[in-house]
Every structure is written in structure tokens, then in C-alpha cells.
Amino acid sequence: MIIVDTLLANLDKENTPIRVGIIGAGTMAKGIALQIVKYSKGIRLVAISNKTPEKAENVLKEIGVEKISKVTSVSELESECKLGKVSFTDNPLLLTQGECIDVIVEATGTIDYAAKVVLSAIDNKKHVVLMNAELDATLGPILKVYADRSGVIITNSDGDQPGVIMNLYRYVKGLGLRPVLCGNIKGLHDPYRNPTTQEGFAKKWNQNVRMVTSFADGTKISFEQAVVANATGMRVAKRGMHGFNISENEHVSKVIDLYDEKELLQGNGIVDYVIGASPASGVFVLGYQDDQSQQALLDYYKMGKGPLYCFYTPYHLCHLEVPSTIARAAILHDAVVTPIAGPFVEVVSIAKKDLVKGEKLDGIGGYSLYGVCENSKIARRENLLPMGLAENAVLNKDISKDEVVTFADVAFPNENLALKLWREQQNIFNE
């Protein structure tokens, strides 16, 4: 927020705020709306769109917005904006097309639906902030191509793990060290969790049960680390990442002893995660420095003997930091996390249980599959099915538990936009 806070304060003083539309009305979208409305100078919430518009209306009421209006057209949205009202609708394209909005925040966790919205936003010259690692990991590179053509920013967010990792990555790189590992810290990883096992936790925290399931079964962290890999050019050391278990509450700096230095120094390094380390909700980056003079000083600063050094951020504060991302995109044209080229790492589909021919796959956070990271070159060579495309695909053969699913194993009843974009992405980056 440093520097950005001053820029936003200037916008507030000049009464020229960044105007924002939010897609989605779940827990995260509500938190973002609250942060903008109550705690963010220089940013104005113009509208929320949700498939069930009543949920968007309830979000606005619950965060204390008094002037609320339902809109059904772009002209109505523009008129209500001029009157100082915050609008809600079930049509996200009103937000992407309205001239009264500068930045779209996509917070649905969907793939196909979100892709349509993001493409429309880009086409209408709006910056896009993604609170949607699922979309980013699956279609981020091709969406970045479209954004570059349109002259706008598409970025994942500060506060969520990919953003916190990338801010730390850039910090470490700025110190003159070579980042060789970008890591995430998990408290639990059980690939066989499902919506039934996670129902109680989801209700307790008022969260979507399928999203909560994806946290527990490892799919979410796989999407997050794929996003980081695609923003850095890193890879995974093996399918599924190492995912080392660390003694409960042992400090994350101990991870230095777990990795093979030669492995980390290959190419651009690796993305990975650990289970059980402290601080429990943080992230870490391992930096490499072989300059002996710098090593001596880093030792004096209590960073260890080297040549590997552990840098970490002890928390991720999701919705609280989204305004910073909005400002970085709209004012500075700086993306927090965005692909640098084609996919380096993909999230591929693994059977969560024995699956039978004719079964329709239920996708992310369901009963059928869990997702793991694989290097894109291997995934394409083996024709593996991306987790982000798996929902509603129909199996044409039996699949055993823990077996990877390929494109040859499924049929797609409908040729949706996500599949079309994915194929375009492969065509562009495999030339």
C-alpha cells in the first residue's frame, strides 16, 4: 500500500476516484465491497453483478450502503451512477460495457462464466483484477494476450497467496538475490475430501462448500502455484509438487534443509508448498546468493550462512489488499501477478475415487476429481485434461482412483468458451 496510498489520497482529494464493478456476491466479493466502501479512499464501488441479484443486493445492504438501485440496462447503470447510487444486477455485461466503470474485479471462482465477463471487460478497455486463481491458471496466458492487444492490465490480486508470493518474489529479486523457489504454506492436505466432509466447515465460515473442498483437497493451492509459475517461468519438481510435511509449528525457514540445491538452480526454479510450517497462513520465497561478501553480511543480519535464504510473509489478507491491486492497475499500469508467456505449469485432473464410463465429472471442489500441478510440456505431451475444463465432461471409459484423466478419456457435450480459449492458447504458445 506504500506509494499507492498517497496516489489514492490524491484521487480522493480531486474527487476523481477509480470506479469499480464487482462480479460475484460470495464471501470474498462481500469483503472486497466492504473494504472499498468503508476503508478505501480514492476508489468508488459503482455496481455488483451476481447470477442471483438478490444476493448482490443483500451484500450492499449488509455493508451499509444506503443508496441502492437495481439496473437492467447500461443506460440505467450510467444514470444511477451519476446520482451517487450503487447498483446491482444479474447481467455482468452491464458492468463491463458501462463507461462509468474503470476496473472490473472478477470474484466468482468460475471458469467459463468468468471468461465471458473478462473478455467483455477487456474488449471495453477496462482493467481486470482476478480474485479467481482457477480462471487465471487455466486461461491466464490467452487472456493476457487479449489484454495486451487492448492496452489494459489483467492481474491476480494482492492479498491472495499468488499476489503475496509475487510481491515477495519481486522484493527478493530487488535485493539482488535469485529467487529459486516460491512456496505456499498449508495446514491440511487430503485429496479425498469432498463436499460432504467439508459441509460443516463451510457453514461455520459462511463459505461455498465446493470452494472449501478445493482448499482441503489441494486443488486450490495447485491453481495458486500454477498462477505463480506462469508469472515467473518456474516449474514443478514433480507432478503434484513435493508438498513436504513439516513438524507442527516448526518455522518455515527450516525448509531450506529439505530441498536439493541443484534442483532449485535448474532453469527458473520451482513452485512448491509445505504442510504444517509456521506461520500457518503465510508464504515464502527462497533466494540464492553466491557472492561471499553478501553472504557475510546476510549472516550478520541473522539470515543464515547461505547460499539459500528464506524470506517469508506471515499472512495473506485476501480482500483487504484488493484496493491496492486496483490502484496499481488503474494508476500505475502495474500487474501484481500476470503471465509472462504461455503456460509453464498446468493443473491436471486426478480421479478422487473409482469413476465409471458415462459418469459426468463435477469439476473443482466436487466428488469426482482433485487437481495437481504438472509442467505444461509434460501435460501436453501426455494429453492430460486440465482441471479447469473438466466440469461436465463425460467419461468414455472407467478411471481408477488416483489415475490421471486425459482428453482421450472424455467427451465434451458442449463446446464452451473456456474450451475454445484453451485451444486458442495452445495454438498461440505452441507455434
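Which residue of β2 is the bridge partner of R19? In the predicted model described here, the bridge partner of R19 in β2 is R44. This pair belongs to the contact between strand β1, residues 18-23, and strand β2, residues 43-49, which run parallel and are joined by six bridges. A further pair in the register of these strands is formed by V20 and its bridge partner in β2, L45. Of the six residues of β1, five are buried, so this strand is largely enclosed by the rest of the structure.

Strands β1 and β2 are part of an open sheet of seven strands with parallel pairing, in which the order is β3-β4-β2-β1-β5-β6-β7. The edges of this sheet are occupied by β3 (68-70) and β7 (154-156). Each of these edge strands has a single partner strand, so one side of each is left without a neighbour in the sheet. From one strand to the next, the twist averages 25°. Helix α14, formed by residues 322-330, packs on this sheet. The helix touches β1, β2, β5 (103-106), β6 (127-130) and β7, and the direction of α14 makes about 155° with that of β6.

A second sheet is also open, but its pairing is mixed; its five strands follow the order β9-β10-β8-β11-β12. Here β9 (244-245) and β12 stand at the edges, and because each has a single partner strand, one side of each lacks a neighbour in the sheet. Two helices pack on this sheet. Helix α8, residues 161-174, touches β8, β11 and β12, and its direction makes about 25° with that of β11. Helix α11, residues 219-232, touches β8 and β10 (270-275), and its direction makes about 165° with that of β8.

Within the five-stranded sheet, strand β11 may be considered in more detail. Six of the six residues of β11, residues 283-288, are buried, so the strand is largely enclosed by the rest of the structure. In a regular strand the side chains alternate between the two faces of the sheet. In β11, V283, V285 and G287 point one way, whereas F284, L286 and Y288 point the other way, and all are buried. On one side, β11 pairs with strand β8 (residues 178-186) in the antiparallel sense over six bridges. The bridge partner of C182 in β11 is V285. Strand β11 is also joined by six bridges to strand β12, residues 308-313, and these two strands run antiparallel. Across this pairing, F284 stands opposite Y312 in β12, and L286 stands opposite C310 in β12.

The structure holds one cavity of 30 Å³ or more. About 60 Å³ of space lies in this largest cavity. Its lining is made up of A137, T138, F223, P343, E346, V347, P386, M387, G388, W422 and Q425. At least two lining residues are supplied by each of α7 (133-150), β13 (345-351) and α16. By class, the residues of this lining divide into seven nonpolar, three polar and one charged.

The second largest pocket contains about 370 Å³ of space. It is lined by 18 residues, of which G342, P343, F344, S376 and K377 are the closest to its centre. The elements that give two or more residues to this lining are α15 (376-381) and α16 (417-429). Ten of the lining residues of the second largest pocket are polar, five are nonpolar and three are charged. P343 is named both among the residues closest to the centre of this pocket and in the lining of the largest cavity. Helix α16 likewise gives residues to the lining of the pocket and to that of the cavity.

Residue N375 lies in strand β14, which covers residues 369-375. With a relative accessible area of 15%, N375 is buried, because buried means under 20% relative accessible area. Leaving aside its neighbours within four places in sequence, N375 is in contact with R235, V236, F344 and V345. Of these contact partners, F344 is also one of the residues closest to the centre of the second largest pocket.

Technical notes
Residues numbered from 1 in each chain as written. Predicted model: local features only at pLDDT ≥ 70, side-chain atom pairs only at ≥ 80, totals over all residues. Heavy atoms only, no water. Buried < 20%, exposed > 50% of the residue type's maximum accessible area, 1.4 Å probe, protein only. Helix = DSSP H or I, 4+ residues; strand = E, 2+ residues; numbered from the N terminus. Pairing = 2+ DSSP bridges. Contact = heavy atoms within 4.5 Å. Axes fitted to C-alpha atoms, helices over the stretch in contact; angles between N-to-C directions. 1 Å grid on protein atoms, 1.4 Å probe; cavity = no way out; pocket = protein on both sides within 12 Å on 5 of 7 lines; lining within 4 Å. Points joined across faces, edges and corners; volume = space filled by probe spheres on them. Nonpolar A, V, L, I, M, F, W, Y, C, P; charged D, E, K, R; others polar.
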